[in-house]
Amino acid sequence: MSGSSGSSGAPTRWRNWAGNQRATVQAVHPASADEVAAVLAAAVAAGRRVRPIGSGHSFTGIGRPEHVQLVCDRLSGVESVTGDGLVTAGAGTPLHRLNSELAQRGWALTNLGDIDRQTVAGALATGTHGTGARFGGLATQLAGLELVTPAGDVLECDARRHPEIFAAARVGLGALGVVTRVRLQAEPAFALRAVEGPGTLTGALADFEALMTSTDHVEFYWFPHTDAIQLKCNTRLPLADGLRPLPRWRAIWDDEVLANAAFAGVVAAGRAVPALVPPLARFSARALAPRTWTDSSHRVFVSRRRVRFLEMEYAVPRPSAPAVLAELRAVHEANRWRVPFPVEVRLAAGDDIPLSTASGRETAYIAAHVPAHTDPGPWFATLEKIAGEVGGRPHWGKLHGLDASVLRERYPRFDEFVAVRDRLDPTGVLSNSYLDRVLGPARG
Ligand SMILES: Cc1cc2nc3c(=O)[nH]c(=O)nc-3n(C[C@H](O)[C@H](O)[C@H](O)COP(=O)(O)OP(=O)(O)OC[C@H]3O[C@@H](n4cnc5c(N)ncnc54)[C@H](O)[C@@H]3O)c2cc1C
């Protein structure tokens, strides 16, 4: 084990992106599967716990280290892309780097979430997803991975080799081992035509199914205190049809000035004077003018998020989404809460991954946000309760209050995952208080 990968470094302070998870830890930076195995062996021998970490963009304590933090920044980089688009990359590769290297070689990931700052292993571990009725989350594009287990084994896992481990590890919560390398199936690079503009929540709920399946990737943001939504409809096109990117001034105005700088001002004003929140919400809903543009897929899928927030997101059965949103709106209106952030609504296809939030069912995602360093109070609790009534499943990386006893009811294959975890990590060296809560303590 190299000096920088050892676990004897001085304690360092860590905090996640939103600043709601903090720890003082020993950080290690292994550069190979063997170095990872040595870190795990030392921790097992010393009775210490290890958490791998990516970009720290999870809101929950899923990545919060208790003793040793295994930073994946030296397990990074695109290693190869085969002629049929199978990309092999280090687990700590940030998605933005993966996207740009794929684009240079004529390939793209099929679907992406809102941002690209996450590492590929971190995004996979929590079931990170984008939107699109016919498209699954990132884990559905995973073809194989290299996993270092707490016993020190370096396993190549895919549909043929260790298939039961692979099935669980596709959305593995970082609980089964340390992923050191991933293989993702990319597809030929494509363009997206983005049509963005205003609508109403009343209209969206009346015709939810038709709206959300009207093209390939549809999402909307509802501004509480108003009936206004901002709709984003992205249609897949061949690159050969040509690109019509936004003029640079427009991209900067919309995405940096309005969506980030002005929105930061709106949030700050609302915090200082809560009575301003409803009129500011109406202002925000009107500020973004309609626009149509076409660009490489990863540039359209992804935006910058400079205003820090806390988030809760629930995956609900798709047919239940309009009723959940209608009830959320009714409770919000009845209580006159001051919620300055929009609610985001997306879709995903059902998949066959045990702990994917879309496991076994067509899914709609409903996400609530509040400014960082504020108390989500009854707003998040209300979403959790309403979504829970229809079997909602929380995003593993976004705030929620559920534990293993409830989650077992929400995931038919929950015990299958826990059995793999108990076999691979019988002493819980890879666990932390969040994983103890959501999976139950390891039982070797
Ligand atoms: C601004 C913002 C926007 C977001 N947008 C979306 C979105 O559009 N869609 C969505 O679904 N989510 C979204 N998220 C949530 C985010 O995608 C997830 O929380 C994701 O897990 C973060 O990736 P990360 O690299 O920061 O992982 P971290 O938060 O650092 O870690 C997450 C988990 O991965 C594990 N892990 C990391 N590396 C490894 C490894 N090598 N081996 C094993 N386990 C590992 C960690 O132990 C932890 O359990 C957003 C978050 C933020 C802050």
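A salt bridge here is a side-chain nitrogen of Lys or Arg within 4 Å of a carboxyl oxygen of Asp or Glu. Run that over the whole structure and you get 29 salt bridges. Keep in mind that this is a predicted model.

**Salt bridges**

Three of the pairs are set out here, with their N to O distances.

| Pair | N to O distance | Location of the two residues |
|---|---|---|
| E66 and R49 | 2.9 Å | E66 in the loop between β3 and β4, R49 in the loop between α1 and β3 |
| R329 and D227 | 2.6 Å | R329 in helix α10, D227 in the loop between β13 and β14 |
| R443 and D422 | 3.4 Å | R443 in the segment after α14, D422 in helix α13 |

Start with R329 and D227, whose side chains meet at 2.6 Å. Because R329 belongs to α10 (321–335) and D227 to the loop between β13 (217–222) and β14 (228–238), this bridge ties together parts that are 102 residues apart in sequence. How buried or exposed are the two ends? R329 has 16% relative accessibility, so it counts as buried, while D227 at 28% is partly exposed.

The E66 and R49 bridge links parts of the chain 17 residues apart. E66 has a relative accessibility of 29%, so it goes down as partly exposed.

R443 and D422 sit 21 residues apart. R443 is exposed because its relative accessibility is 54%, and the cut-off for that label is over 50%. D422 has a relative accessible area of 11%, which means it is buried.

Some bridges also share partners: D114, R305, E311, E313, E344, R346 and K398 are joined that way into one network.

**Around the ligand**

D114 turns up again at the ligand. Of the 36 residues around the ligand, the ones that come nearest are P52, H57, S58, D114 and T126. A polar backbone atom of D114 is 2.7 Å from a ligand oxygen, and a polar backbone atom of G122 is also 2.7 Å from an oxygen atom of the ligand. R51 uses its side chain instead, placing a polar atom 2.9 Å from a ligand oxygen.

How much of the ligand's surface does the protein bury? On its own the ligand exposes 980 Å², and the protein buries 99% of that. The elements giving two or more residues to the shell are β3 (50–53), α3 (120–125) and β10 (178–185), and α3 has the largest share with four residues. By residue class, the shell divides into 15 nonpolar, 16 polar and five charged.

**Aromatic pairs**

There are seven aromatic pairs in the structure. In one of them, the ring centres of W17 and F59 are 6.1 Å apart with the planes at 90°, so the geometry is edge-to-face. W17 is in the loop between β1 (12–15) and β2 (22–28) and F59 in the loop between β3 and β4, so this contact ties together parts 42 residues apart in sequence. Both W17 and F59 are buried.

What geometry do W396 and Y411 have? Their ring centres lie 5.5 Å apart and the planes make an angle of 25°, so that pair is stacked. W396 is in the loop between β19 (393–394) and α12 (404–410), and Y411 is in the loop between α12 and α13, 15 residues along the chain. W396 has 0% relative accessibility, so it counts as buried; Y411, at 1%, counts as buried too.

Back to W17 and F59: together with F309 and F341 they form one aromatic cluster.

How values were computed. Residues are numbered from 1 along each chain as its sequence is written. This is a predicted model: local features need pLDDT of at least 70, side-chain atom pairs count only at pLDDT 80 or more; totals for chains, interfaces and linings use all residues. Side-chain values use heavy atoms; hydrogens and water are left out. A residue is near a molecule or strand if one of its heavy atoms lies within 4 Å of it. A polar contact is a pair of N or O atoms within 3.5 Å; within protein, one must be able to donate a hydrogen and the other to accept it, and residues adjacent in sequence count only if both atoms are side-chain atoms. Accessible areas come from the Shrake-Rupley method with a 1.4 Å probe; for residues, only the protein chains shown count as cover. Ala, Val, Leu, Ile, Met, Phe, Trp, Tyr, Cys and Pro count as nonpolar, Asp, Glu, Lys and Arg as charged, and the others, Gly among them, as polar. Buried means under 20% relative accessible area, exposed over 50%, partly exposed in between (1.4 Å probe, protein chains only). Rings of Phe, Tyr and Trp (its six-membered ring) pair if their centres lie within 6.5 Å; planes under 30 degrees apart count as stacked, over 60 as edge-to-face and the rest as tilted.
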